[in-house]
Amino acid sequence: MSNTTFDADGITLEKVREYVWEIPQEGDMRTPARVLASEALLEEIKEDKTLQQLKNTTHLPGITKHAICMPDGHQGYGFPVGGVGALDAENGCISPGAVGYDINCGVRMMKTNLTYDDLQGREEELVDSLFANVPSGLGGGGIVESGVDTVDEILARGVDWALENGHAVEDDLRHCEDEGHRAEADPSKISQKAKDRGKNQIGSLGSGNHFLEVQRVTDVFHDEVGSTYGLEEDQIVVLIHCGSRGLGHQTCNDYLRKIEKQHQGLLNQLPDKELAAAPAGSQLAEDYYGAMNAAINFAWVNRQLIMHRTREVFERVFDRSWEELEMDLLYDVAHNIAKKEVHDVGGEERELYVHRKGATRAFPAGHPEVPKAYRDVGQPIIIPGSMGAGSYILRGGENSMELTFGSTAHGAGRLMSRTQAKSEYWGGDVQDELEAQDQIFVKAQSGATVAEEAPGVYKDVDEVVRISDELGIGDKVARTFPVCNIKG
């Protein structure tokens, strides 16, 4: 292997510059494809079908500039996780597979004024109380169980519904992407089956890689931005990672099946039917966009309710109100999302469906969509690592709009499948090791879930974040380390 090319199973990547690799445009590809990674990460990325999936995405009508794979990229459903594709909103298409099944799977971080010293000795009490009070695991059970009328309101209004019903405060909306509300949401485009799946899951973690984690801030790399975000070393913060549960999964499935029936001609032009897309301007594209935005609203309410319940748990454990504990939302960022955004393409402003599947919006300082509190320094980005590694807070970098349509990575990225993880790890052993070596207290519905999420299952989050920082798409601000973790 030379230092200018990288070969992987018949796909050759050419080095454009440090950490930027390109699959040149050929055949029916509409654009080149780019991977943002070090050679060490590329060695891991090439182990599954990520590169072939990335190349396949360049066949989508209306794709602009290049398809992009982030440093945490790995194989997904049709479109790689860690993938970004910007498709023309007039002459292109929108693809449910390029959004993902768990619509608006995302993360939010809540700050506190507690220090690690305040928490030591109370970890087991806290993790037990969180596990008892925050619903998790497969199937039903949520903080709010409701009729479909309430689900419709949540789908239409997002976090504004939570505010009106006493589960949020105004500041929560101000520190959430899009203020926790997508106005283009159309609840009527969500099937009854999806609503039925969602109605008893409102305010629940689910299972798999979703979690609630109490963390301590170990490092602040940028004092000015850290101060603006309200972060300091030894501070306790809470990270919540979940999405739209069964409602989002059913919505994705519904529209994939509809597209397969109604747009077979477009499907036949694509190298992978899992990329099934509806042409821009078609009724099905409009319907899916309305449904997807409604599911986005549902996921924001889901995380909001979990955060509100977490505040109540902390109040009981620490015998102080959450306001006294200064349990304020730092930010909530969405993954698995396609949004109409205007970007510069070849000197021309164009409206695009920016698909971010397992990727995070990363808007820089000065961008009008960054909340006022952070506009001078850039949008907060939250990148979770595994439960045995640190997580990171970044800020939108000055090169993000040019290089990645304002995007960066969303996590560490998987190295092995869940099946392989369960064959290589035993959940109880992982829990014991984390507690003994790192003083990390983990509680889950099953040992299998812990095994699936063992630290060795993931890429090196430090390396993923280093590449983001080096490229200037997401700049390091702070690092955190787990204290308590609950999983489904």
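Biologist: How much of the chain is buried?
Modeller: Of its 488 residues, 63% are buried. Keep in mind that this is a predicted model.

Biologist: And what is the radius of gyration against that of a compact globule?
Modeller: The chain has 21 Å, and a compact globule with 488 residues would have a value near 23 Å, so the two agree. Along the principal axes, the C-alpha trace spans about 65 × 55 × 50 Å.

Biologist: What is the secondary structure made of?
Modeller: There are 17 helices and 20 strands in the chain.

Biologist: What share of the contacts comes from residues 24 or more positions apart?
Modeller: They account for 77%, counting contacts with a separation of 6 or more.

Biologist: Switching to cysteines. How many disulfides does the search find?
Modeller: Zero, and the search covers the whole structure. Take Cys242: the nearest cysteine sulfur belongs to Cys105 and is 7.7 Å away, whereas a disulfide needs the sulfur atoms within 2.5 Å.

Biologist: Is Cys242 buried or exposed?
Modeller: Cys242 counts as buried because its relative accessibility is 0%.

Biologist: Which cysteine sulfur is nearest to Cys484?
Modeller: That of Cys242, 18 Å away, and Cys484 is in no disulfide. Cys484 has a relative accessible area of 1%, so this residue is buried too.

Biologist: Now the surface. How much area does the chain expose?
Modeller: About 17,300 Å², with carbon and sulfur atoms supplying 41% of it.

Biologist: How many positive and negative side chains are there?
Modeller: The chain has 48 positive and 81 negative ones. The centres of the two sets are 5 Å apart.

Technical notes: Residues are numbered from 1 along each chain as its sequence is written. This is a predicted model: local features need pLDDT of at least 70, side-chain atom pairs count only at pLDDT 80 or more; totals for chains, interfaces and linings use all residues. Side-chain values use heavy atoms; hydrogens and water are left out. Buried means under 20% relative accessible area, exposed over 50%, partly exposed in between (1.4 Å probe, protein chains only). Helices (H or I, at least four residues) and strands (E, at least two) are DSSP runs, numbered from the N terminus. The radius of gyration is taken over C-alpha atoms; the globule rule is 2.2 Å times the number of residues to the power 0.38. Contact means heavy atoms within 4.5 Å. Accessible areas come from the Shrake-Rupley method with a 1.4 Å probe; for residues, only the protein chains shown count as cover. Lys and Arg count as positive and Asp and Glu as negative; His and the chain ends are not counted. The place of a charge is taken as NZ of Lys, CZ of Arg, CG of Asp or CD of Glu.
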